[in-house]
Amino acid sequence: MRPPFSFRPPYQTLRWGPRSFWLLDQRQLPGKKTYLNIRDIPAACTAIKTLAVRGAPLIGVAAALAIAHVARKGAGRRKLASGIKRLAATRPTAVNLFVALDKMKAAVDKGYSKDEIVEEAREMWMQEEQYSMAMAEHGQKLIRKTMAVGTYCNTGALAAPGLGTALGVIIRAHLAGKKIEVTVPETRPLLQGARLTAWELSQWKVPYTLVTESALASVVKDLDAIFVGADRIAANGDTANKVGTHGLAILARHFKVPFWVVAPSSTVDMDVKNGAGIPIERRSADEVKTFGLCRTAPRDARASNPAFDVTPAGLISGIITEKGVLSPPYGKSLRQ
Ligand code: MRU
């Protein structure tokens with residue numbers, strides 16, 4: 001029997017044609033839905049660095065497709081190897097980027113044909129899509145018939161193939177007929193919550209309320225659960241995610257609200273023992289000194305802009321991967 005709903009998001013984040021590769025330009029959302037034509041590796045690097053494409057699993061898949069695209073246009077082994085290096089230097093925190101590029105490097109090193117390289121990238125894409133559907137199924141079982149849930153940053157189809165990660169769980173529960181009200185923090189400085197999560201929830205017609213991060217201490221007590229994504233999960237369960245996640249987890253613990261991390265196994269880094277080993281991206285101070293296009297601080301103000309923080313495993317109720325709901329202590333369960 002066909003399910004009474006469609007799992008396909010009503011918008012496409014990646015477009016792969018017979019001769020072209022396009023990315024939905026997330027910098028323009030929610031104002032404009034425009035696609036960037038990715039013709040070469042520098043264009044892909046700029047798209048990743050400037051967050052035209054973002055979200056841990058999506059960065060990995062976009063980088064793999066960029067390599068596949070230049071391979072099918074005739075790039076040889078040396079050019080592909082240098083493209084992989086350039087892409088690896090774009091953003092340091094999401095381990096998915098490195099997992100994806102390692103796979104592409106192995107394909108290039110083994111002398112795969114261009115068709116096989118394309119196949120490798122497309123398989124990764126499809127696999128992430130399946131992971132997202134599995135996470136959504138496992139996670140939505142934690143959501144009751146009526147529930148107030150919180151999230152952070154953007155973790156929907158704009159951040160991962162398929163339904164997404166944390167937002168995928170919420171959307172899946174909505175599609176299953178549950179009555180959900182979502183609290184969406186705007187996620188300063190780049191407003192992934194306000195611009196992207198609010199936009200995605202509107203597309204799916206999921207009820208939500210946007211709040212500033214400053215309001216979180218007053219609103220978290222009214223939530224029944226919080227679902228967030230991850231950019232890198234260390235072997236002990238410590239989790240790097242968008243800066244502000246750690247503060248939200250502390251509030252959740254204070255108010256006894258379950259705090260769930262939703263991420264595919266491609267986000268787990270068993271080579272990193274704990275959160276202290278996770279590289280944290282530091283972005284331009286200008287992102288903090290502006291709000292959209294408007295300057296909001298003196299030009300010479302000193303500002304710090306870590307893009308991620310690490311939530312200790314002890315503050316996390318459990319990690320939802322494509323394998324199921326994993327509970328602490330994680331031991332071997334996080335291993336792929
Ligand atoms: O800087 P971004 O927008 O790429 O950060 C994204 C996040 O922090 C997400 O929560 C994370 O990648 C998990 S989403 C699938």
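This report describes the ligand site of a predicted model and then some backbone features found in its loops.

## Where the ligand lies

In this predicted model, the shell around the ligand draws residues from both domain 1 (5–133) and domain 2 (140–333), and the ligand therefore lies between the two domains. The space that the ligand takes up is the largest cavity.

Two secondary-structure elements, helix H2 (56–72) and strand S9 (239–242), each contribute at least two residues to the shell around the ligand.

## The residues around the ligand

There are 18 residues around the ligand, and those that come nearest are Arg 54, Ala 56, Arg 91, Asn 241 and Lys 242. When the shell is sorted by class, seven of its residues are nonpolar, seven are polar and four are charged.

Oxygen atoms of the ligand take part in several short polar pairs with the protein, and both side-chain and backbone atoms serve as partners. On the side-chain side, a polar atom of Arg 54 lies 2.5 Å from an oxygen atom of the ligand, while an N or O atom in the side chain of Asn 241 is 2.6 Å from a ligand oxygen. Ala 56, by contrast, uses its backbone, where an N or O atom lies 2.9 Å from an oxygen atom of the ligand. Of the 410 Å² of accessible area that the ligand has on its own, the protein covers 100%.

## Cis peptide bonds before proline

One cis peptide bond joins Leu 29 and Pro 30, with an omega of about 5°, and Pro 30 has its place in the loop between strand S2 (21–24) and strand S3 (35–37).

Another cis peptide bond joins Arg 188 and Pro 189, where omega is likewise about 5°; Pro 189 is found in the loop that runs between strand S5 (179–185) and helix H7 (192–204).

## A positive phi angle at Cys 153

Cys 153 is a residue other than glycine that nevertheless has a positive phi, with a value near 55°. The loop that holds Cys 153 lies between strand S4 (146–150) and helix H6 (166–175).

Conventions. Residues numbered from 1 in each chain as written. Predicted model: local features only at pLDDT ≥ 70, side-chain atom pairs only at ≥ 80, totals over all residues. Heavy atoms only, no water. Near = heavy atom within 4 Å. Polar contact = N/O pair within 3.5 Å; in protein donor to acceptor, adjacent residues only side chain to side chain. Areas by Shrake-Rupley, 256 points an atom, 1.4 Å probe, with all protein chains shown as cover. 1 Å grid on protein atoms, 1.4 Å probe; cavity = no way out; pocket = protein on both sides within 12 Å on 5 of 7 lines; lining within 4 Å. Sits in = over half its atoms within 2 Å of the grid points. Helix = DSSP H or I, 4+ residues; strand = E, 2+ residues; numbered from the N terminus. Nonpolar A, V, L, I, M, F, W, Y, C, P; charged D, E, K, R; others polar. Domains from an automatic or database assignment.
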